There are 2 protein chains.
Amino acid sequence: MEHDQLSLTFAALADPTRRAILARLASGETSVTELARPFEMTLPGISKHLKVLEHAGLITRGREAQWRPCKLNAGPMKGIANWVEDYRRFYDASFDRLAEYLKEIQDQEN
Amino acid sequence: MEHDQLSLTFAALADPTRRAILARLASGETSVTELARPFEMTLPGISKHLKVLEHAGLITRGREAQWRPCKLNAGPMKGIANWVEDYRRFYDASFDRLAEYLKEIQDQEN
DNA sequence: GATGTATTATACCAATCAGTTAATTAACCA
DNA sequence: TGGTTAATTAACTGATTGGTATAATACATC
């Protein structure tokens, strides 16, 4: 896998377990064991996924007694959003009509 | 790598060479050799990247004499856009104000 | 048919990945 | 001190990745 931030983020998101973990964290930070509960996977397995997410900057980890609460950090997703936005005119059917509409408006103003 | 469409798409995009290929295809379909030109990589290497993109549904390939022109197919990117949109409130600082504004508008209309 | 050009297939390599089990660290509790 | 819980590290495995060199295929032209 490549090491630029965008590649790192895309790679981290290319796994349903990791995306599910992020979805869980969207409703608040929680412990590793708690995150592992829904999955049929050993704890070290989950721990590895968390390391990937952390390395991509998508989560941060604190420390509270013997727990290491994980917290969502969506910052890197902005890179994804920006990147994909550049292709919107190719995947969004209604984009052309919107562009037309905006052009109309602008023409009216001039 | 996993095999659901979203994972397939994320994985295909997690490589700068493949993203550069897509960027090139955004300005029109072209041949494999032409796509390979900017990269310090052998043709079979590029061919493999194209196979990944094709398998993810991000490009389609035609046939014209001895050329196999590649064409961007941004459809799967919509899945990415939709997915990341769910996290917008976490990465977009202005999102809250926008939501507020939209709510205001709606309240006025009722 | 022979030659040149565009592309893919095959076979191989080193590196990484996703998962496991077993051992270890760290903190709390009694 | 010893025991329990939380989490990571270490060591291993099989599968996949990203790249290469070389060979094969497909078509166009001479």
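**Notes on the predicted two-chain model with DNA**

1. Let me start with DNA strand D: the largest share of the surface near this strand, 5 residues, comes from α4(B). Keep in mind that we are looking at a predicted model. In total, 22 residues surround DNA strand D, and the closest are S31(A), T33(A), P44(A), S47(A) and G45(B). The elements giving two or more residues here are α3 (32-36) and α4 of chain A, together with α4 of chain B. By class, the residues of this surface divide into 10 nonpolar, 9 polar and 3 charged.

2. Now for the other strand. Around DNA strand C there are 23 residues, with G45(A), A65(A), S31(B), T33(B) and P44(B) as the closest. Two or more residues come from each of α4 (43-55) of chain A and, in chain B, α3 (32-36) and α4 (43-55). On this side α4(A) gives the most, with 5 residues. The class split for the surface near DNA strand C is 10 nonpolar, 9 polar and 4 charged residues.

3. How are the two protein chains related? A rotation of 180° with 0.1 Å of shift along its axis puts chain A on chain B, with an RMSD of 0.4 Å. That is the relation of a two-fold axis. The interface fits in with this: 100% of the interface residues of chain A are also interface residues in chain B, so the copies meet through the same surface.

4. A closer look at that interface. The contact takes 22 residues from chain A and 22 residues from chain B. On the chain A side, α1 (5-13), α5 (77-85) and α6 (88-91) each supply at least two residues, and α5(A) gives the most, with 5 residues. The side of chain A that touches chain B is made up of 16 nonpolar, 2 polar and 4 charged residues.

5. On the fold of a single chain: chain A has 7 helices and 2 strands. Read from the N terminus, the order is α-α-α-α-β-β-α-α-α. Chain A has 110 residues, of which 24% count as buried. Among contacts in chain A with a separation of 6 or more, 50% are between residues 24 or more positions apart.

6. Two helix pairs in chain B are worth opening in the viewer. In one of them, α2 (residues 16-25) packs on α4(B) at an angle of about 75°, and the axes are 10 Å apart. That makes α2(B) roughly perpendicular to α4(B). The residues involved are T17(B), R18(B) and I21(B) from α2(B), facing H49(B), V52(B) and L53(B) from α4(B). This contact of α2(B) with α4(B) has 3 nonpolar, 2 polar and 1 charged among its residues. Recall that α4(B) is also the element with the largest share of the surface near DNA strand D.

7. The other pair is α1 (residues 5-13) and α5 (residues 77-85) of chain B, with an angle of about 100° and axes 9 Å apart. Here again the result is a roughly perpendicular arrangement of α1(B) and α5(B). From α1(B), the residues Q5(B), L6(B), T9(B) and F10(B) meet G79(B), I80(B) and W83(B) of α5(B). By class this contact of α1(B) with α5(B) comes to 4 nonpolar, 3 polar and no charged residues.

8. Is L58(A) buried or exposed? L58(A) sits in the loop between α4 and β1 of chain A, yet it is buried, with 25 other C-beta atoms within 10 Å. Leaving out neighbours within four places in sequence, L58(A) is in contact with A12(A), L22(A), L53(A), N73(A) and P76(A). By contrast, the C-alpha atoms of L58(A) and R37(A) are separated by 20 Å, with the two residues 21 apart along the chain.

9. Last, R61(A), which lies in strand β1 (residues 59-61) of chain A. R61(A) is partly exposed, with 15 other C-beta atoms within 10 Å. Not counting residues up to four places away in sequence, R61(A) touches E54(A), R68(A) and C70(A). R61(A) and L25(A) are 36 residues apart in sequence, and from C-alpha to C-alpha they are 12 Å apart in space.

Conventions. Residues numbered from 1 in each chain as written. Chains lettered and ligands numbered in written order. Predicted model: local features only at pLDDT ≥ 70, side-chain atom pairs only at ≥ 80, totals over all residues. Helix = DSSP H or I, 4+ residues; strand = E, 2+ residues; numbered from the N terminus. Buried ≥ 20, exposed ≤ 12 C-beta atoms within 10 Å, placed from the backbone. Contact = placed C-beta atoms within 7 Å. Near = placed C-beta within 6 Å. Nonpolar A, V, L, I, M, F, W, Y, C, P; charged D, E, K, R; others polar. Axes fitted to C-alpha atoms, helices over the stretch in contact; angles between N-to-C directions. Parallel < 35°, antiparallel > 145°, perpendicular 65-115°, else oblique. Least-squares fit on C-alpha atoms with pLDDT ≥ 70 in both.
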